[in-house]
Amino acid sequence: MFQPTSLNERIHTLDIMRGFSLLGILIVNIFAFSLPLPHILDLHSWFTDYQDVMLYQTLDIYVQSSFYPLFSMLFGYGLAMQWIKAEQTGTRFYPFATKRLVVLFIIGLLHAFLIWWGDILTMYAFCGFFLILCLKLKSGWLLTVALAMNGLLHFFILSLYAIAGIANAEFETPHVDITAINNAITAYGIGTWTDAFFQRLNDLAVQMAPGMWISALFTILPYMMIGAAAAKWRLVERAKELKVMWIILTIICIAGGLFIKSVPFHVTRTYLLEYVRVYIGGPILAVGYASLIVVLCLIPFATKLLSPIAKVGRMSLTIYIMQSIICTLLFYNFGFGLYGKVDVMMGIVIAIGIYVVQLALSELWFLKYQQGPLEKAVKRITYGKNGTEN
C-alpha cells in the first residue's frame with residue numbers, strides 16, 4: 001500500500017522553504033487582492049506617490065517573480081521524493097499521484113470560483129500531470145529538458161521582440177482596459193458577494209485563458225522538473241556533504257539575481273531588460289533564496305529556531321487557502337471593504353501581519369494535530385482512511 005510521508009521522514013529544510021515561500025507569495029498577492037488585477041498589466045504605472053513607487057520597486061526586486069519559481073521547484077521536489085519512495089518500496093506511485101493531483105485541481109477550481117480568481121493550485125496540478133510522466137528520466141535529463149523547454153520560451157519571446165524591433169526600445173506601459181478596471185473596482189469595492197462572484201468569473205477568463213496554460217508548461221513545469229532533478233540527486237538531504245556548493249550557489253544566485261532584477265530601474269527600462277528581469281532574474285534569485293535556507297539550516301539550532309516557519313510549510317495548502325479567505329474578507333465590500341484603499345506600505349504590513357497570525361495558529365494547531373486540516377482531507381481522499389498521517 002502506498003503511504004504518504006511520515007513525520008519522521010520529513011525534511012525540515014524543505015518545510016522551511018515552503019513556509020518562507022508562502023510569505024513571499026502573500027506579499028505579492030496582497031496587491032492582487034486589493035487592486036483591480038489582472039487588468040493592470042504594470043503596477044509600476046498605477047502608483048504615483050513617491051514612497052509607493054520606491055517601495056513597490058523594492059518589492060519587485062526582492063520578491064516579485066522569485067517565489068512562484070521557488071514553490072514550483074519545491075512542488076517538483078516533493079513529487080519526486082514520493083516517486084523515489086515508491087520505487088524503493090515497490091509500490092504503485094502513479095494511481096495515487098494522479099488521484100492526488102486531481103484532488104488538488106478540484107480544490108484549485110473551488111478556490112478560483114468561490115474565493116479568489118488568482119488561484120495557482122490548478123496550474124500546479126495541471127503541470128504536475130506532465131511532471132509525473134517525466135519522473136522516470138534520470139536527473140541530468142530532467143534538468144536538460146527543463147532548461148531546454150524554458151529556453152525555448154525565451155527564444156520565442158525574444159525573437160518576437162527582435163522581429164518587432166522593440167528589444168532595445170524603452171518599455172511602455174501596456175494599454176489597459178479602463179472599463180474592466182472600473183468594473184472590478186465597483187464589484188469588489190462596493191458590490192455584494194454576488195457582484196464579486198460574477199466579476200471573479202470575468203477575471204478568471206484572463207487568469208485561465210488558454211495562453212496561460214500553455215505558458216505554464218514552459219515556465220512552471222520546467223521549475224518543477226528542476227526540483228525533481230534536485231530530489232533525485234538528494235541535494236537537500238546531502239547538504240552537509242555539498243556545503244561548499246550550496247554556499248557558492250547562495251552567493252552567486254542572490255547577487256546575480258538581485259543585480260539582474262535591479263538593472264532596469266537604474267538605466268533605461270527597455271523591453272529586453274524588463275523581460276530578463278522577470279523571467280531570468282526572478283528564477284535565479286529563487287535558487288539563491290533556496291540555497292540560503294539550506295545553508296542556514298546547516299547552522300546548529302537554526303532548524304529549531306525556524307521551526308515556526310517549518311510548521312507553516314507543513315500545512316502549506318491550508319495556509320494558502322486561509323490567506324485568500326482572510327484577504328477577501330479584508331478587502332472586498334462584503335467584508336471590511338479596504339479594496340483600493342491601502343498604499344504599498346500598508347499592504348506589506350497587512351501581509352506580514354496575516355503571516356505572523358498564521359505562524360501562531362500553526363504552532364497551536366500542531367500542539368494537537370500532526371497535519372493541517374486540508375492536508376489531512378487530501379491524504380484521506382488519496383490514500384484512504386488507513387493512510388499514515390504526517
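In which helix does Ile-325 lie? Ile-325 is in helix α15, helices being DSSP runs of H or I with at least four residues, numbered from the N terminus. At 39% relative accessibility, Ile-325 counts as partly exposed; buried means under 20% relative accessible area, exposed over 50%, and partly exposed in between (1.4 Å probe, protein chains only).

The model is predicted, with local features needing pLDDT of at least 70 and side-chain atom pairs pLDDT 80 or more, while totals for chains, interfaces and linings use all residues. Residues are numbered from 1 along each chain as its sequence is written, and side-chain values use heavy atoms, without hydrogens and water.

The chain has 17 helices and 0 strands. Its radius of gyration, taken over C-alpha atoms, is close to the value of the globule rule (2.2 Å times the number of residues to the power 0.38), so the chain is as compact as a globular protein of 390 residues.

| Property of the chain | Value |
|---|---|
| Radius of gyration | 21 Å |
| C-alpha box along the principal axes | roughly 55 × 45 × 40 Å |
| Residues that count as buried | 52% of 390 residues |

Ile-325 also belongs to a nonpolar surface patch of about 940 Å², whose members include Val-102, Trp-193 and Phe-334. Such patches join nonpolar side chains (Val, Leu, Ile, Met, Phe, Trp, Tyr) within 5 Å, from residues with over 30% relative accessible area and no salt bridge, that is, no side-chain nitrogen of Lys or Arg within 4 Å of a carboxyl oxygen of Asp or Glu. Areas come from the Shrake-Rupley method with a 1.4 Å probe. Helix α4 (94–114) gives the most, with 5 residues.

Technical notes. Patch = residues over 30% accessible without salt bridge, like charges linked within 9 Å, V, L, I, M, F, W, Y side chains within 5 Å. Helix = DSSP H or I, 4+ residues; strand = E, 2+ residues; numbered from the N terminus.
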